[in-house]
Amino acid sequence: MKLILLGPPGAGKGTQAANLINSLNIPHISTGDIFRANIKNETELGKEVKSYLDEGRLVPDELTTRVVWDRLDQEDCKDGFLLDGFPRTIPQAEALKQGLVERGLKLDRVINVDVEKDVLVKRLAGRRVCKNCGATYHVAGKPTKVEGICDVCNSEVIQRDDDKEETVLNRIEVYENQTKPLIDYYTEEGLILTVDGTKPIDELSGEILDALK
Ligand code: AP5
Ligand code: MG
Ligand code: ZN
């Protein structure tokens with residue numbers, strides 16, 4: 001299965017991906033996670049992209065696309081992948097399409113996780129992520145069993161740097177202007193599957209898996 005998770009910041013792309021890859025057995029490829037790991041490890045790529053993430057702006061298309069293909073060309077992506085947060089612009093979608101054609105591959109589905117703006121702001125304000133394994137929580141909706149400690153690996157959970165309110169509003173605006181047009185783009189390609197991202201997490205994962213059968 002070659003899948004894309006599309007949706008605004010805080011829609012639950014990462015949360016759904018964590019559930020879906022368990023059942024589908026394909027790698028989860030989140031451009032945001034790749035960039036954050038590089039920033040944390042102070043790599044050349046990390047230095048290049050840091051200011052974009054801090055401000056909630058998009059990393060340039062060419063650089064992002066190169067990073068994605070480096071990952072997709074690895075052995076574990078041969079039988080499928082779940083892209084989360086890529087593509088995010090029409091040029092990224094075009095570059096993905098061209099790269100797939102060159103490799104004789106095609107996408108199976110684009111899952112569009114639909115959530116309205118007010119809900120997104122609340123979700124991102126309360127989101128906490130594990131410093132070590134990246135597991136995602138919410139102070140009200142999905143709290144850790146022990147306050148401040150990851151259920152999975154016992155490391156500290158923290159707030160993401162770009163979850164400050166001002167940056168969140170920026171990210172939502174960037175989504176509206178640059179990413180939302182991809183819904184029409186993939187509707188025309190006949191690939192879109194729109195789901196209600198306000199449903200309970202596990203119920204929604206079940207619904208997506210059913211639709212993919
Ligand atoms: P990225 O990391 O992709 O961030 P994002 O798109 O803003 O999305 P988030 O990760 O914030 O939200 P999510 O949809 O994964 O929600 P989550 O599951 O965590 O990108 C970060 C930055 O990297 C970008 O701003 C940009 O700078 C750069 N970048 C990345 N990709 C790029 C690209 N392709 N091109 C250029 N630049 C790029 O859930 C959120 C919260 O809601 C959690 O607390 C969770 O517990 C809760 N929640 C989830 N589902 C539910 C539910 N069903 N009900 C109740 N609560 C829920
Ligand atoms: Mg995410
Ligand atoms: Zn953890």
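Biologist: Happy to start with the cysteines: are Cys130 and Cys150 buried or exposed?

Modeller: Keep in mind that this is a predicted model. Cys130 belongs to strand E5, while Cys150 sits in the loop between strand E6 and strand E7. For both Cys130 and Cys150 the answer is buried.

Biologist: Thanks! Which protein donors does the zinc ion (ligand 3) have?

Modeller: In sequence, the donor residues follow the spacing C-x2-C-x16-C-x2-C. The pair Cys130 and Cys150 therefore ties together parts that lie 20 residues apart in sequence. At 2.3 to 2.4 Å from the zinc ion (ligand 3), the donors are the SG atoms of Cys130, Cys133, Cys150 and Cys153.

Biologist: And what is the geometry of that zinc site?

Modeller: Ideal angles for four tetrahedral donors are 109.5 degrees. Here the four donor atoms of the zinc ion (ligand 3) make angles of 97 to 116°. To count as tetrahedral, all angles must lie between 85 and 135 degrees. The site is thus classed as tetrahedral.

Biologist: Why does Thr144 count as buried?

Modeller: Thr144 is in the loop between E6 and E7, and its contacts beyond four places in sequence include Tyr137, Cys150 and Val157. Its side chain also reaches the backbone oxygen of Val146 at 2.8 Å. Buried means under 20% relative accessible area. Thr144 counts as buried because its relative accessibility is 15%.

Biologist: One more, please: which residue in E3 is the bridge partner of Ser30?

Modeller: The open, parallel sheet has the order E2-E3-E1-E4-E8, with E2 (28-30) as one of its edge strands. Three bridges join E2 to E3 (residues 81-84). The E3 partner of Ser30 is Asp84.

Definitions and conventions. Residues are numbered from 1 along each chain as its sequence is written. Chains are lettered from A and ligands numbered from 1 in the order in which they are written. This is a predicted model: local features need pLDDT of at least 70, side-chain atom pairs count only at pLDDT 80 or more; totals for chains, interfaces and linings use all residues. Side-chain values use heavy atoms; hydrogens and water are left out. Donors are N, O and S atoms within 2.8 Å of the metal (3.2 Å for Na, K and Ca); water is not among the atoms, so sites may look incomplete. Four donors count as tetrahedral if all angles lie between 85 and 135 degrees; four count as square planar and six as octahedral if opposite donors are over 155 degrees apart and all others between 65 and 115; anything else is irregular. Helices (H or I, at least four residues) and strands (E, at least two) are DSSP runs, numbered from the N terminus. Buried means under 20% relative accessible area, exposed over 50%, partly exposed in between (1.4 Å probe, protein chains only). A polar contact is a pair of N or O atoms within 3.5 Å; within protein, one must be able to donate a hydrogen and the other to accept it, and residues adjacent in sequence count only if both atoms are side-chain atoms. Contact means heavy atoms within 4.5 Å. Two strands pair if DSSP finds at least two bridges between them.
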